[in-house]
Amino acid sequence: MHSIPYARQSISAEDIRAVLDVLQSDFLTQGPAVERFEKIVTDYCGAKHGISFANATAALHVACLALGLREGDELWTSPNSFVASANCGLYCGAKVDFVDIDPRTYNMSVAALEEKLKHAKAQGRLPKIVIPVHFSGQSCEMAAIGALAKKYGFKIIEDASHAVGGSYQGAKVGACRHADAVVFSFHPVKIITTGEGGMIMTNNDALATTVATLRSHGITRDPARMTHASDGPWYYQQIALGFNYRLTDLQAALGASQMVRIDQFVRKRHEIARRYDEALADLPITLPWRDPEGVSALHLYVIRLHLRQIQKTHRQVYEELLAAGIRVNLHYIPIHRQPYYEGLGFRAGQFPEAEHYYGEAISLPMYFELTEADQQRVSSTLGRILRP
Ligand SMILES: *Cc1c(COP(=O)(O)O)cnc(C)c1O
């Protein structure tokens, strides 16, 4: 029997035509498709600026730099995320620390954040940046985190890699109501794809200019930003140490075409989630909680095993699913338990909710083209494994 992945892109005939059109045009990169894609995402989110990047990791790096993160500063994020949410702080020479998760949402706990901020203030080492991660596509409690940012004076970058197409309190994720910047990923497993790709959304004009400059070597062609008059029509100046973190026109054309279906993608994910909710309701597992404050983009559908009732180990259940051709996944190994982070001094037991969650979580197949028959196979296989 064929195997069922946990995630997969959906590429339409229109998507393919959009990329072919670019291949036959004058510009494979630095052409008109990039700005067009940026405008589509920016308008969709209701933000002021969208600046595309080679991937979300590059976008997070540049967002941190542009918000002034340097050696001697601290960045806090969730331990229940992909390593990129934390690595961006280390790239800037800053110290990284974590805030434990809420056991219901699996997002950063606001109570734990507030507690940690109080301690940090007393010790005079408040974070410069906090990166809440919208785990599985469901927004963090941004109103409360935004209020803490005002009180304690830190900047916010939302890692919305899972959440493009979602909303929170009536605004699309990416509208930047409570954040200095919001970062999306367009990796093929995410909601829409450009192959590799990412974007920084912001409502701050100066920040938008800075991140756009850092994306392309720190170079400007704008006479107003140069230190002296232009030498001639060929002239540009490097005014900062930037990178080549650009998205290509091929990728941007794919992204623009994918944006046509974004609401359809999210609606379908909700249909799939409703079917899982029903089919799995009687199993000894915790189903994902859905926050009435927003609409999750439902990147992931994560279950938690009630291991005492199941009388199998987490690993046994995972391996039995794999053996049945259900290629599940586990999001995430707590970042502080990675050997690289243990080398920085982190230890087991520091973020117990994230660690406990890691011992029980499994991400089930969830993607636009998942068929009802395949989904039924996932549900019945899980039923057979959990209730032999
Ligand atoms: C996928 C992902 C990233 C990194 O995205 P890339 O586009 O692959 O660089 C960062 N954070 C989270 C939470 C992710 O899921």
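T286 stands opposite R304, a residue of β15. This pairing belongs to a predicted model. Two bridges join β13 to β15, and the two strands run antiparallel. Strand β15 covers residues 301–305.

The sheet around this pair is open and has 3 strands. Its order is β13-β15-β17, with antiparallel pairing. At the edges stand β13 (285–286) and β17 (361–364). Each of these edge strands pairs on one side only.

**A second open sheet**

Another open sheet also has 3 strands, in the order β8-β7-β14. Its pairing is antiparallel. Here β8 (171–172) and β14 (294–295) are the edge strands. Each has a single partner strand, so one side of each is left without a neighbour in the sheet.

Strand β7 spans residues 167–168. It pairs with β8 over 2 bridges, in the antiparallel sense. Which residue of β8 is the bridge partner of Y168? The partner is A171.

**The ligand site**

The ligand sits in the second largest pocket. Two elements each give two or more residues to the shell around the ligand: α3 (56–66) and α4 (84–91).

How many residues surround the ligand? There are 15, and T57, D159, H162, S185 and K190 come nearest. By class, the shell holds 5 nonpolar, 8 polar and 2 charged residues.

Three side chains place an N or O atom at the following distances from the ligand.

| Side chain | Ligand atom | Distance |
|---|---|---|
| T57 | oxygen | 2.5 Å |
| K190 | oxygen | 3.0 Å |
| S161 | nitrogen | 3.4 Å |

How much of the ligand does the protein bury? Taken alone, the ligand exposes 380 Å², and the protein buries 93% of that area.

T57 appears twice in this picture. This residue is among the nearest to the ligand, and a polar atom of its side chain lies 2.5 Å from a ligand oxygen. K190 is also among the nearest residues, with a side-chain N or O atom 3.0 Å from an oxygen of the ligand. For S161, the ligand atom is a nitrogen, at 3.4 Å from an N or O atom of the side chain.

Technical notes:
Residues numbered from 1 in each chain as written. Predicted model: local features only at pLDDT ≥ 70, side-chain atom pairs only at ≥ 80, totals over all residues. Heavy atoms only, no water. Pairing = 2+ DSSP bridges. Helix = DSSP H or I, 4+ residues; strand = E, 2+ residues; numbered from the N terminus. Near = heavy atom within 4 Å. Polar contact = N/O pair within 3.5 Å; in protein donor to acceptor, adjacent residues only side chain to side chain. Areas by Shrake-Rupley, 256 points an atom, 1.4 Å probe, with all protein chains shown as cover. 1 Å grid on protein atoms, 1.4 Å probe; cavity = no way out; pocket = protein on both sides within 12 Å on 5 of 7 lines; lining within 4 Å. Sits in = over half its atoms within 2 Å of the grid points. Nonpolar A, V, L, I, M, F, W, Y, C, P; charged D, E, K, R; others polar.
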